[in-house]
Amino acid sequence: MKIAQDITQLTQKLSPISLEEMDEVRLMKRTDTKFVIHEKDLPSILESIQNQYRILETDKHRIITYSSLYFDTPLKKFYTDHHNKKIRRTKIRIRKYVESNTCFLEIKQKDGRGKTTKTRTSIDEITPSLSTDSLEFIQNTTKRTFELEPIIWNKFNRITLVSKAAKERLTIDLNISFKINNSFKTYHNLVIIEVKQERFNRNSSIVQQLKSKQVNPYSISKYCIGMIGVYDGLKYNRFKGKLIKINKITA
C-alpha cells in the first residue's frame with residue numbers, strides 16, 4: 001500500500017500533458033523497447049526522471065485504467081506466431097480507456113525489420129463478438145481473413161510519460177491481470193516499462209536511468225504471459241526463461 005501511495009504522489013509532481021498535445025508524439029509506427037522491474041523500484045525511477053518528462057492527464061486522472069479483450073484464432077495463431085518467433089506477426093484487441101470511457105479496435109503488426117505499426121478505429125464498447133464493420137476493418141488492415149474468437153481479457157493501470165526533449169513516449173504498466181471464463185492470473189509486483197521511439201535511443205533519460213540500475217532491455221509480451229497464466233496445456237517452452245525472470249524480479 002505504501003508503494004502505491006508513493007507512486008500516486010510522485011505522478012502529481014510531473015507537469016501534465018493532454019491527449020491533444022500528445023498527438024504530436026503518437027508514434028503509430030515505431031520501435032518499442034521494454035524493461036521489467038519490481039514495483040518497489042518504480043518510485044525512485046519516477047523521482048529521478050520527473051524533470052525530463054510530462055505525464056498524460058485525462059479528466060484529472062494520471063494513472064489510467066485499461067481493459068482489453070484480445071482475439072485470436074481457434075488454434076491460437078497469434079500466440080503461436082509469437083512463441084515460434086515469427087518475424088511478421090499480428091495482435092488484435094479491443095481496448096477500453098476506462099476513465100475517459102472511450103474504446104478502440106486496435107491492430108498491431110510487426111514487420112520484418114522489428115517496426116511495430118498500430119492501426120485503430122473507434123468503436124462503442126468492448127464486446128466478445130466482432131461487428132461486420134470491425135471484421136471489415138481487420139481484413140482491410142491485415143489483408144487477411146481470420147476466424148477470430150475472444151481469447152483473453154486483460155486489465156492494468158498505466159502511467160504515460162512524454163519526453164520534453166525528444167520524440168519519445170514511455171508507458172509504465174502495473175497491476176497487470178488476466179482472465180478467461182473462471183481462470184484468473186495476476187502478476188503481482190510486476191511493472192513493465194515500454195519506451196516508444198522512432199528508433200532506439202540509448203541516450204534517453206529513462207534508458208540511462210534504468211541502465212544505472214542495471215536494468216537492461218527485455219522482450220516481453222503481456223498477451224503471451226497472460227495466455228500462459230490462464231490456459232492449461234499451452235505450449236510455452238520458449239517463454240520458460242521469461243517466466244523464471246519475472247518470478248525472480250517480482251519475488
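What follows is a walk through one predicted protein model, from overall form to single residues. Local features need pLDDT of at least 70 and side-chain atom pairs pLDDT 80 or more, while totals for chains, interfaces and linings use all residues. Numbering starts from 1 along each chain as its sequence is written, and side-chain values use heavy atoms, leaving out hydrogens and water.

Start with the whole chain. The protein chain holds eight helices and 11 strands. These elements are DSSP runs, numbered from the N terminus: helices are H or I with at least four residues, strands are E with at least two. The C-alpha trace spans about 45 × 40 × 35 Å along its principal axes. The radius of gyration is 18 Å, which agrees with the value near 18 Å for a compact globule of 251 residues. That radius is taken over C-alpha atoms, and the globule rule is 2.2 Å times the number of residues to the power 0.38.

Next, contacts and surface. A contact means heavy atoms within 4.5 Å. Among contacts between residues at least 6 apart in sequence, 70% join residues at least 24 apart. Of the 251 residues, 50% count as buried. Buried means under 20% relative accessible area, exposed means over 50%, and partly exposed lies in between (1.4 Å probe, protein chains only). The chain exposes about 13100 Å², an area from the Shrake-Rupley method with a 1.4 Å probe. Carbon and sulfur atoms supply 45% of it.

Charge comes next. There are 47 positive and 27 negative side chains. Lys and Arg count as positive, Asp and Glu as negative; His and the chain ends are not counted. The centres of the two sets lie 8 Å apart, with each charge placed at NZ of Lys, CZ of Arg, CG of Asp or CD of Glu.

Now go inside. A nonpolar core is a set of buried Ala, Val, Leu, Ile, Met, Phe, Trp, Tyr and Cys residues joined through side-chain atoms within 4.5 Å. The largest has 28 residues, and Tyr79, Ile152, Leu190, Tyr223 and Ile225 have the most contacts inside it. Elements that each supply at least two of its residues are β4 (64–72), β8 (149–163), β9 (168–180), β11 (190–197), α7 (222–230) and α8 (240–250). Helix α7 gives the most, with six residues. Beyond four places in sequence, Ile152 touches ten residues' worth of neighbours, among them Leu69, Phe178, Tyr223 and Met227. A second, separate core of 23 residues includes Ile7, Ile45, Ile193 and Val195.Two strand residues are worth a look. Arg54 lies in strand β3 (residues 53–56). Arg54 is partly exposed, at 26% relative accessible area. Outside the four places either side in sequence, its contacts include Ser15, Glu21, Thr160 and Lys164. The C-alpha atoms of Arg54 and Ile228 are separated by 35 Å, with their positions 174 residues apart along the chain. Thr65 sits in strand β4. Thr65 is buried because its relative accessible area is 14%. Leaving aside neighbours within four places, Thr65 contacts Lys96, Tyr97, Val98, Glu99, Lys155, Phe156 and Asn157.

Finally, the backbone. Most residues other than glycine have a negative phi. Lys60 has a positive phi, near 70 degrees, and lies in the loop between β3 and β4. Lys60 counts as exposed, at 76% relative accessibility. Lys76 also has a positive phi, of about 60 degrees. Its place is the loop between β4 and α4 (77–83). Lys76 counts as buried, at 17% relative accessibility.
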